[in-house]
Amino acid sequence: MLRPPDAGQDGTAPAAPHHKDIMTHSVHTRRSVMRFVSSAVGVAMAAMLVVACSGDTNKQVTGSNGAASTPSASEAPAPTGDTIIVEMITDETGSHFKPKEIEAKKGDLIRFTLTSGVHNVHFLPDSNPGKSNLPPMSDFLQLPGQTYDLVVNLAPGEYYFQCDPHALLGMVGKLEVEG
Ligand SMILES: [Cu+2]
């Protein structure tokens with residue numbers, strides 16, 4: 001499809017003896033150009049798809065690792081207590097955390113685990129007025145079994161979290177940090 005750019009010109013250049021020849025030639029050239037343009041668009045779109053996909057993949061990878069390396073909730077402490085599994089589920093009843101209410105103490109590890117669907121965990125500041133040291137928004141979990149670990153490092157109290165795309169559909173949860 002990558003014709004030399006002067007291929008067409010060579011044909012047209014040497015005068016134009018017969019009317020018929022010119023017609024067929026120009027039709028042929030236009031078709032080639034169209035073919036080239038459409039295939040170029042196709043290549044560009046394919047490239048965009050690749051970029052989009054790899055972008056997602058990168059985000060996903062940093063998502064599972066990023067939790068530990070994000071220097072957000074002060075010096076992210078090592079887990080010293082229990083491990084609490086919270087499933088993130090999309091099923092015929094909708095999207096939800098299971099359980100949706102958790103009790104934990106400082107040092108416990110909350111392991112958000114993707115069961116189905118695509119979800120994140122966000123302790124929205126607006127949902128937690130007056131609270132400090134909120135964990136950062138997690139990346140999206142997309143592969144079943146993927147986890148987002150959160151070591152509880154919060155003052156005693158009640159905290160609310162949500163999955164951003166499903167919060168309005170009820171995918172919210174409450175964490176009660178015991179004193
Ligand atoms: Cu969700």
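Which residues does K174 touch, not counting residues up to four places away in sequence? The legends below take up this question in the view of strand β7, after an overview of the predicted model.

**Figure 1. Overview of the predicted protein chain and its confidence.** The protein chain has 2 helices and 7 strands, and from the N terminus on these elements run α-α-β-β-β-β-β-β-β. Of its 179 residues, 17% count as buried, and residues 24 or more positions apart account for 71% of the contacts with a separation of 6 or more. The mean pLDDT of the protein chain is 74, with 58% of its residues reaching 70 or more. Over residues 1-73 the pLDDT is below 50, and this stretch has 31 contacts in the model beyond near neighbours in sequence. Where pLDDT is low, the predicted coordinates should not be read in detail.

**Figure 2. The open sheet of 4 strands, in the order β2-β1-β4-β5.** The pairing in this sheet is mixed, and its edge strands, β2 (94-98) and β5 (147-151), each pair on one side only. Neighbouring strands of the sheet are turned by 15° against each other on average, direction ignored. Strand β1, which spans residues 83-91, pairs with β2 in the antiparallel sense over 5 bridges, whereas β1 and β4 run parallel and are joined by 6 bridges. On the other side of β4, the pairing with β5 is antiparallel and extends over 5 bridges.

**Figure 3. Bridge partners across the sheet, seen at E87 and L109.** E87 stands opposite K98 in β2, and E87 also has a bridge partner in β4, namely T113. L109 stands opposite V151 in β5. In general terms, strands of a sheet pair through backbone hydrogen bonds, either parallel or antiparallel.

**Figure 4. The largest nonpolar core and the place of I110 within it.** This core has 20 residues, and those with the most contacts inside it are M88, I110, F112, L150 and V152. The elements that give two or more residues to the core are β1, β4 (109-114), β5 and β6 (157-162). In β4, the covered face consists of I110, F112 and L114, while L109, R111 and T113 make up the uncovered one. Leaving aside its neighbours within four places in sequence, I110 is in contact with I84, V86, I102, A104, L150 and V152.

**Figure 5. The open sheet of 3 strands, in the order β3-β7-β6.** As in the view of the other sheet, the pairing here is mixed, and the edge strands are β3 (101-104) and β6, each of which pairs on one side only. Neighbouring strands are turned by 20° against each other on average, direction ignored. β3 pairs with strand β7, residues 172-177, in the parallel sense over 4 bridges, and within this pairing A104 has V177 of β7 as its bridge partner.

**Figure 6. The surroundings of K174 in strand β7.** Not counting residues up to four places away in sequence, K174 touches K100, E101, E158 and Y160. The C-alpha atoms of K174 and I102 are separated by 6.2 Å, although these two residues lie 72 residues apart along the chain. K174 counts as partly exposed because 15 other C-beta atoms lie within 10 Å, a number between the limit of 12 or fewer for an exposed residue and that of 20 or more for a buried one.

**Figure 7. Two backbone features in loops, at P99 and N133.** A cis peptide bond, with omega of about -5°, joins K98 and P99, and P99 is found in the loop between β2 and β3. N133, in the loop between β4 and β5, has a positive phi of about 70° although it is not a glycine. Most residues other than glycine have a negative phi, and most peptide bonds are trans. N133 is exposed, since 11 other C-beta atoms lie within 10 Å.

Notes. Residues numbered from 1 in each chain as written. Predicted model: local features only at pLDDT ≥ 70, side-chain atom pairs only at ≥ 80, totals over all residues. Pairing = 2+ DSSP bridges. Axes fitted to C-alpha atoms, helices over the stretch in contact; angles between N-to-C directions. Core = buried A, V, L, I, M, F, W, Y, C linked by C-beta atoms within 7 Å. Contact = placed C-beta atoms within 7 Å. pLDDT = per-residue confidence, 0-100.
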